[in-house]
Amino acid sequence: MYVLAVIEHHTRRIRILDATGHPTAAWVTQAARNLVMDLEDAGCRARFLIRDRDGKFPELFDVVLADAGIRVVLTGVRLPRMNAVMERWVRTCRRELLDRTLVWNQRHLLDALREFETFYNQHRPHQGIANARLLKPLPSAITKPNQIAHLNIRRRQRPGGIINEYEHAA
């Protein structure tokens, strides 16, 4: 299965666009159109899209993004660090989700990836960004010693118990 995903470099927010067993030029172009519509609906403004030189990206893919004001930047040949943020997410997704999941079909893969996307964007702490979660504010600091003794922490399991989330109960 091939997964098309994009990541915002400054926030590390991931967006899963689609997955398929047989990527075609039409599929990739439609995913670009969907991305442009999603960005417009979210009120986001992207200036650049860094992508690799894979032959699965047709010229129309770049045209769709250029019409939306997004400049496509191709990664350099043999320069893996040029797209390191996305490569890091791929490794994280593989290690934390896909290596522990038996994927049955495309729908199951997309369901698991969407759940991981929510976990990654809303709960998982990101050490490079002050250990913050992407879509939630930083929690207030614990300043009193008696607060530590009364931490009411709840565990919630994500995709079938593969990932555990821990939060303070309100």
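**Notebook: a loop residue, a strand pair and a helix crossing**

I began with Arg-78 and found this residue in the loop between strand E4 and helix H3 (84-96). I note that the model is a predicted one.

I looked up the backbone of Arg-78 next. Its phi is positive, at about 60°, although Arg-78 is not a glycine. I then asked whether Arg-78 is buried or exposed. The relative accessibility of Arg-78 is 80%. Exposed means over 50%, so Arg-78 counts as exposed.

I went back along the chain to the strand before this loop. E4 covers residues 71-74, and strand E3 covers residues 48-51. I recorded that E3 and E4 pair in the parallel sense, over four bridges. Within this pair, Arg-51 stands opposite Leu-74 of E4. I then followed the chain from E3 to E4 and passed through helix H2, residues 59-67. I entered this β-α-β crossover as right-handed.

I turned last to H3 and helix H4, the latter spanning residues 106-122. Their axes come within 12 Å of each other and cross at roughly 115°. How are H3 and H4 oriented to each other, roughly parallel or roughly perpendicular? Angles of 65 to 115 degrees count as roughly perpendicular, and H3 and H4 are therefore roughly perpendicular to each other. I noted the handedness of the H3 and H4 crossing as right-handed. I also listed the residues that make the contact. H3 contributes Trp-89, Thr-92, Cys-93 and Glu-96. From H4 come Leu-113, Phe-116, Phe-119 and Tyr-120.

Methods: Residues are numbered from 1 along each chain as its sequence is written. This is a predicted model: local features need pLDDT of at least 70, side-chain atom pairs count only at pLDDT 80 or more; totals for chains, interfaces and linings use all residues. Side-chain values use heavy atoms; hydrogens and water are left out. Two strands pair if DSSP finds at least two bridges between them. Helices (H or I, at least four residues) and strands (E, at least two) are DSSP runs, numbered from the N terminus. A crossover is right-handed if, with the strands pointing away from the viewer, the path from the first strand over the helix to the second runs clockwise. Buried means under 20% relative accessible area, exposed over 50%, partly exposed in between (1.4 Å probe, protein chains only). Axes are lines fitted to C-alpha atoms, for helices over the stretch in contact, and angles run from 0 to 180 degrees between N-to-C directions. Angles under 35 degrees count as roughly parallel, over 145 as roughly antiparallel, 65 to 115 as roughly perpendicular and the rest as oblique. A crossing is left-handed if the near helix is turned anticlockwise from the far one by less than a right angle, and right-handed if clockwise. Contact means heavy atoms within 4.5 Å.
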